[in-house]
Amino acid sequence: MTRHEVLPALAGEGRIALTEPELVDWGTRMGRQINPPLLVTLDGDLGAGKTTLARAICAGYGVSEDVTSPTFALVHVYDAPKSPVYHIDLFRIRSPGDLQNLGWDDITQSDALILIEWPDRAGGLLPAEHLPLQLRHVEGAPEKRVLYAGGHHGAPTGVR
Ligand SMILES: Nc1ncnc2c1ncn2[C@@H]1O[C@H](COP(=O)(O)OP(=O)(O)O)[C@@H](O)[C@H]1O
Ligand SMILES: [Mg+2]
C-alpha cells in the first residue's frame, strides 16, 4: 500500500470551500483512515486553519490529549494507538539547518504520523514522499477555507 492510498474520496483533485465544522469532520475522517508511516504537510497563511485541521486529524487518529499549536515548542509528540504523532510547526525556524536541533532526521525516518505546518521552511530537507494539504482563505467568506489535498497548486479564486 502506498502512503497516498490513505486519502479519503473527498480529497480528489477538486476544490471545495469548507466551514470549520466541515473541515474538522473531513480531518477527523481522514485521521481515522491513516496508517503510519505518513508525513502530512499543512500549508497556508496564519489563521488558515492548519492547527485546526491537525487537531482534527489527531482526534481521528486516536490522540486523546488536547492538541495545541506547537508554535513555540516547535514539536509536540502525542501517543496514539497506531503510532506516535509528531506535530511540528516550522514557522519560527530561521534556516533548514535549525531542523537538526529538532531531531528532524529521526522524526522523519520514524514509523510515525507526522504533521508539519509551514513545510516550506524545511527547504530541501522535506522528504519527497509526503501528502500535501493546503488551506486557503476565501475572499468574501471569512467562515470558509479552501482545502487542496494531494498537490494542487492553483489559486482558489472565485470559490464559495
Ligand atoms: N472554515 C474554517 N476552517 C478552519 N478554521 C476556521 C474556519 N473559519 C474560521 N476559522 C478560524 O480560523 C482560525 C484558524 O486558526 P489555526 O487553525 O490556528 O490556523 P493556523 O494554524 O493555520 O495559523 C481559528 O480561529 C478558526 O476558528
Ligand atoms: Mg498553526
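Here is a short note on the sheet, the two helices packed on it and the core of this predicted model.

1. First, some housekeeping. Residues are numbered from 1 along each chain as its sequence is written, while chains are lettered from A and ligands numbered from 1 in the order in which they are written. Since this is a predicted model, local features need pLDDT of at least 70 and side-chain atom pairs count only at pLDDT 80 or more, though totals for chains, interfaces and linings use all residues.

2. Start with the sheet. It is open and mixed, with seven strands in the order β1-β7-β6-β2-β5-β4-β3. Strands here are DSSP runs of E, at least two residues, and helices are runs of H or I, at least four residues, both numbered from the N terminus; two strands pair if DSSP finds at least two bridges between them. At the edges sit β1 (16-19) and β3 (75-78), each pairing on one side only. On average, neighbouring strands are turned by 25° against each other, direction ignored.

3. Now look at one edge. β1 pairs with β7 (residues 144-149) in the antiparallel sense, over four bridges. You can find A17 opposite V146 of β7. Helix α1 (residues 20-33) packs on the sheet here, touching β1 and β7, and its direction makes about 105° with that of β1. (Axes are lines fitted to C-alpha atoms, for helices over the stretch in contact, and angles run from 0 to 180 degrees between N-to-C directions. Contact means C-beta atoms, placed from the backbone, within 7 Å.)

4. Helix α2 (residues 50-61) deserves a good look. It lies across β2, β3, β4, β5 and β6, running at about 170° to β5. Nine of its twelve residues are buried, meaning that 20 or more other C-beta atoms lie within 10 Å of a residue's own C-beta, placed from the backbone. Among them are L53, I57 and Y61. The buried residues of α2 pack against α1, β2, β3, β4, β5 and β6. Right after α2 comes G62, with a positive phi near 105°.

5. What about the core? The largest nonpolar core (buried Ala, Val, Leu, Ile, Met, Phe, Trp, Tyr and Cys joined through C-beta atoms within 7 Å) has 35 residues. Which element gives the largest share of this core? That is α2, with six residues. V40, I57, V85, I114, L115 and L147 have the most contacts inside the core. Take I114: leaving out residues up to four places away in sequence, I114 touches L39, V40, Y86, I88, I107 and T108.

Definitions and conventions. Two residues are in contact if their C-beta atoms, placed from the backbone, lie within 7 Å.
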